[in-house]
Amino acid sequence: MEEVGNGTSDPACSVKEPPFSQTILESLDLTGMFLFGILTLMAVTASLVFVEEVIYIYRKIPSKRSIFIWVNAAAPVIATTSCIGMWIPRSTMFTDFTAAVFFAIVIHKFLLMMIKECGGQKLFLRRFENDHFKISTGPCCCYCLCLPRISINRKTLFLLKLGTFQFAFLRPVLMFLSIVLWTNGNYSLSDLSPSGAAIWINCFVGVLTIIALWPIGIMFQHVRVLLNCKKIIPKFVLYQFILILSQLQATIINILAMEGVIACAPPLSSSARGAYMNQQLLIMEMFLITLISRVVYRKRYDDLDLPDGSDQETKGNQENSRASAEGSIL
């Protein structure tokens, strides 16, 4: 009986596939049903808050709408996919892949958002044409203080965009490859041997992630003082929290499950229980981040102080329009 209680001899502990949703629902007691209801309500509330935020963005923000919608959608999308994975355990790989691909695009959109907040690419280059980027920043080169600063021009800005775009492009390709190999039985998250495809694909994804996060750190270090009035620091903190919770937390829990630290609890095996716990945690975490994001992104952007360069450009455009109007009258 003790061996069965510890989950060492139960047949469910040796099954690699997660159970069907009907099996999960039948095994729930009153506490489990209450937890399922609360977490589902959190996921639905996060989605409704996001819909309300989209309506607000379309009404109050004259430009940059799509970028703000993409960045704000990260937490609700992860909460929704986690809720689906909680109800249907066998869809975990697909829901995790969907959330990972979506967040890869959000990383690229966050870099574009910082550039847009500075007035766009042209105004950004005009304002910082005599400045230099500090590239000795995380996650790649935070300890390489001897690295030279690079001048800010159209080429370096393109390289920063390329650093995040490659992740937004290659991550879906790798996820598609993983699903194809999984259907053929060559991909398994629990198989981390050198002969398995999971270890190589995950390592490659890790390298691409680090490369994509480097331009974000470079740009943030350069514009955080200028964009302090636009709450760029709390926005960056929320983005970092989503990154850590959706990527690092899942990796740690998966490793603990494979090492047997997370015990089997029939009808869930160790790996399935680890994914189950990660989904429940993500729903609660993304729900809180969605509520905080609503406060951080709520300010009207046409009321914010414009950069000095944009003030001068606006005045110049007004003077030119007045001159052309007077010329047309004359």
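# A guided tour, starting at a cysteine

Select cysteine 229. This residue is partly exposed, with a relative accessible area of 33%. The model you are viewing is predicted. Now look for the cysteine sulfur closest to that of cysteine 229. The sulfur belongs to cysteine 118, and the 9.6 Å between the two is too far for a bond.

Move to cysteine 118. Is cysteine 118 buried or exposed? It is buried, with a relative accessible area of 0%. From this side, too, the closest cysteine sulfur is that of cysteine 229, at 9.6 Å, so no bond joins them. How many disulfides does the structure hold? The count is 0.

**Zoom out**

Show the whole protein as a cartoon. There are 11 helices and 2 strands. Trace the elements from the N terminus: the order is α-α-α-α-α-α-β-β-α-α-α-α-α. Colour by burial next. Of the 330 residues, 42% count as buried. Then turn to contacts with a separation of 6 or more. Residues 24 or more positions apart account for 76% of them.

**The nonpolar core**

In soluble globular proteins, nonpolar side chains tend to be buried together. Here, the largest nonpolar core has 66 residues. Select Phe110, Met114, Phe124, Met219 and Met286, which touch the most other members. Two or more residues of this core come from each of α3, α4, α5, α6 (121–127), α7 (154–183), α8 (197–223), α9 and α10. Which element gives the largest share? That is α5, with 15 residues.

Stay with phenylalanine 110 and show its neighbours. Leaving aside residues up to four places away in sequence, phenylalanine 110 touches Val71, Ile216, Lys235, Phe236, Tyr239 and Tyr297. Apart from the largest core lies another, of 11 residues. Select some of its members, including Leu28, Cys83, Met86 and Tyr276.

**The cavities**

Switch on a cavity display. The structure holds 3 cavities of 30 Å³ or more.

Begin with the largest, which encloses about 90 Å³ of space. Its lining has 13 residues. Select Val71, Tyr239, Ile242, Ser293 and Tyr297, which lie nearest its centre. Which elements give two or more residues to this lining? They are α4 (65–87), α5 (92–117) and α9 (232–258). By type, the lining divides into 10 nonpolar, 2 polar and 1 charged. Val71 and Tyr239 have been on screen before, as residues touched by phenylalanine 110.

Go on to the second largest cavity, with a volume of about 40 Å³. Select Val49, Phe50, Glu53, Asn72, Pro76, Thr290, Ser293 and Arg294 to show its lining. At least two lining residues come from each of α3 (30–60), α4 and α10 (270–296). The lining here divides into 3 nonpolar, 3 polar and 2 charged. Keep Ser293 highlighted: this residue lines the second largest cavity and is also in the lining of the largest.

**Last stop: valine 173**

Select valine 173, which sits in helix α7. Valine 173 is partly exposed, with a relative accessible area of 41%. Now add valine 101 and draw a line from C-alpha to C-alpha. How far apart are valine 173 and valine 101 in space? The line spans 9.2 Å, while 72 residues separate the two in sequence.

Definitions and conventions: Residues are numbered from 1 along each chain as its sequence is written. This is a predicted model: local features need pLDDT of at least 70, side-chain atom pairs count only at pLDDT 80 or more; totals for chains, interfaces and linings use all residues. Side-chain values use heavy atoms; hydrogens and water are left out. On a 1 Å grid over the protein atoms alone, a cavity is a set of points where a 1.4 Å probe fits but cannot get out, and a pocket is an open set with protein on both sides within 12 Å along at least five of seven lines; lining residues have an atom within 4 Å of a point. Grid points are joined across faces, edges and corners, and a volume is the space filled by probe spheres set on the points. Helices (H or I, at least four residues) and strands (E, at least two) are DSSP runs, numbered from the N terminus. Ala, Val, Leu, Ile, Met, Phe, Trp, Tyr, Cys and Pro count as nonpolar, Asp, Glu, Lys and Arg as charged, and the others, Gly among them, as polar. A nonpolar core is a set of buried Ala, Val, Leu, Ile, Met, Phe, Trp, Tyr and Cys residues joined through side-chain atoms within 4.5 Å. Buried means under 20% relative accessible area, exposed over 50%, partly exposed in between (1.4 Å probe, protein chains only). Contact means heavy atoms within 4.5 Å. A disulfide is a pair of cysteine sulfur atoms within 2.5 Å.
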